[in-house]
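Trainee: Please take a close look at one part of this model, the largest pocket, and connect it with the elements around it. Which residues lie nearest its centre?

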Amino acid sequence: MSEVTLSNVSKVYDDNVLAVKDVSLSVEDGEFVVVVGPSGCGKSTTLRMIAGLETVTDGEIAIGESVVNDVRPQDRNIAMVFQSYALYPHMTVRENMSFGLRLSGEYDNQIDQRVDEAAELLEISDLMDDLPKQLSGGQQQRVALGRAIVRDPEVFLMDEPLSNLDAKLRTQMRTEIQRIQEELDVTTIYVTHDQTEAMTMADRIVILNEGELQQVDPPERCYDEPNNQFVAGFIGSPSMNFFDVTATDSAEGVRFESSEVAFTLDVDVPPGEYTLGVRPEDFVAEGEGEYIETVVDVVEPMGSDNFLYLETVGGSAEVVARVPSEYRPERGDHISLGFDTEDMHLFDTDGERVALNELQRTESA
């Protein structure tokens, strides 16, 4: 079994910079977990602590049933794939893939068998005699993956492995990494800044911010039920729109009002200040339930969709709406944006999500 367990793990650097704060996480055997967050959030530091490349200040890290805090990286039976492919330029593909095994004293026939099996899995068997300089970026990344695969590790650790590839190759390699991970059934922890990779590849997403764990859930739950305003704004592209609103009691229910919106819901929410969140794709231009009056600033065609960048009338807030490609207004046009209150999100003054069950719109303004 190759579960990875972090128990109250923290990392403080010598200059008293807190990089990771009290993170507890359990990655199941064979699970593909993707760690995301903004730059400097602690995701790579967390990965490097699991690998043994960074020491743990507090807490414990276990691989399987063994605590590995004091175990050397080479003795943890993990394989790491970095952003840079780190291939030896003077070695052929076969030599690069077999180098680690030869250092560990494996027999030649075992090395050749494992390298050939990995090359077939990665579809690079015809490149085995080439040097890295003869390979494309995607091919070099396959070799780097092959070097990890031949070690038959308990855990794969991947740190931004696709960031040096162009968009088309990234899409292709995402599919390949998923296929390989499923075939090998190896526990995998994958760090990226690209939420598309996170949403399409992960069994579960781990979201960090300023070294603290924000949410650990399947991609669809992080998207549909974000724990807090940070997660809501981080997951999704374009980002969720936010509006400050005041909730007051009324005869019909709870009245939500701001300079942009005004509506009443039959829900149990205490009066006070809140933040309303609406995803760009949940707006309907010129639809029913017209809550927000806007002026078009920029129209960005995206093929199947158009992104509308707008300002609310009076210029108090910026809004992004995602609409079908056939709807293409002009700059300066006035648009009434409607949204279904069942699709909205509400956050309290601490940024925590407020659950609204069985929303019922009773009045709009």
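Mentor: In this predicted model, Ile78, Ala79, Met80, Arg147 and Arg151 are the residues nearest the centre of the largest pocket, and they belong to a lining of 27 residues. The volume of this pocket is about 650 Å³. By class, its lining consists of 18 nonpolar, five polar and four charged residues. Three elements, namely β6 (78–81), α2 and α4, contribute at least two lining residues each. Of the lining, the largest share is that of α2, with six residues.

The two helices named in this lining also pack against each other. The axes of α2 (residues 93–103) and α4 (residues 137–149) come within 8 Å and cross at roughly 30°. An angle under 35 degrees counts as roughly parallel, and α2 is therefore roughly parallel to α4. The crossing in which α2 passes α4 is right-handed. On the α2 side the contact is formed by Val93, Asn96 and Met97, which meet Val143, Gly146 and Arg147 of α4. Sorted by class, these comprise three nonpolar, two polar and one charged residues. Arg147 thus has two roles in this description, since it takes part in the contact with α2 and is also listed among the residues nearest the centre of the pocket.

From α4 the description can be carried on to α5 (167–184). The axes of α4 and α5 are 11 Å apart, and the two helices pack at an angle of about 20°. This pair, too, is therefore roughly parallel, and its crossing is right-handed. From α4, the residues in contact are Gly138, Gln141, Arg142, Leu145 and Ile149, while α5 supplies Leu169, Gln172, Met173, Glu176, Ile177, Ile180 and Leu184. The classes represented are seven nonpolar, three polar and two charged residues.

Several of these residues reappear around an enclosed space. Across the whole structure there are three cavities of 30 Å³ or more, and the largest of them has a volume of about 50 Å³. Its lining is made up of Phe32, Leu145, Ile149, Phe156, Met158, Ile177, Ile180, Gln181 and Thr188. The elements with two or more residues in that lining are α4, β7 (155–159) and α5. The greatest contribution, three residues, is made by α5. By class, seven of the lining residues are nonpolar and two are polar, with no charged residues. Leu145, Ile149, Ile177 and Ile180 line this cavity and also belong to the contact of α4 with α5. The lining of the largest pocket, by comparison, includes four charged residues.

Two backbone features complete the account. Asp152 lies in the loop between α4 and β7, and its phi is near 50°, a positive value in a residue that is not glycine. Elsewhere, the peptide bond joining Ser237 and Pro238 is cis, with omega about -5°. Pro238 is placed in the loop between α8 (229–234) and β11 (241–250). Both features deserve mention because most residues other than glycine have a negative phi, and most peptide bonds are trans.

Taken together, α4 links the parts described here: it supplies residues to the lining of the largest pocket, meets α2, packs with α5 and gives two or more residues to the lining of the largest cavity.

Notes
Residues numbered from 1 in each chain as written. Predicted model: local features only at pLDDT ≥ 70, side-chain atom pairs only at ≥ 80, totals over all residues. Heavy atoms only, no water. Axes fitted to C-alpha atoms, helices over the stretch in contact; angles between N-to-C directions. Helix = DSSP H or I, 4+ residues; strand = E, 2+ residues; numbered from the N terminus. Parallel < 35°, antiparallel > 145°, perpendicular 65-115°, else oblique. Left-handed = near helix turned anticlockwise from the far one by under 90°. Contact = heavy atoms within 4.5 Å. Nonpolar A, V, L, I, M, F, W, Y, C, P; charged D, E, K, R; others polar. 1 Å grid on protein atoms, 1.4 Å probe; cavity = no way out; pocket = protein on both sides within 12 Å on 5 of 7 lines; lining within 4 Å. Points joined across faces, edges and corners; volume = space filled by probe spheres on them.
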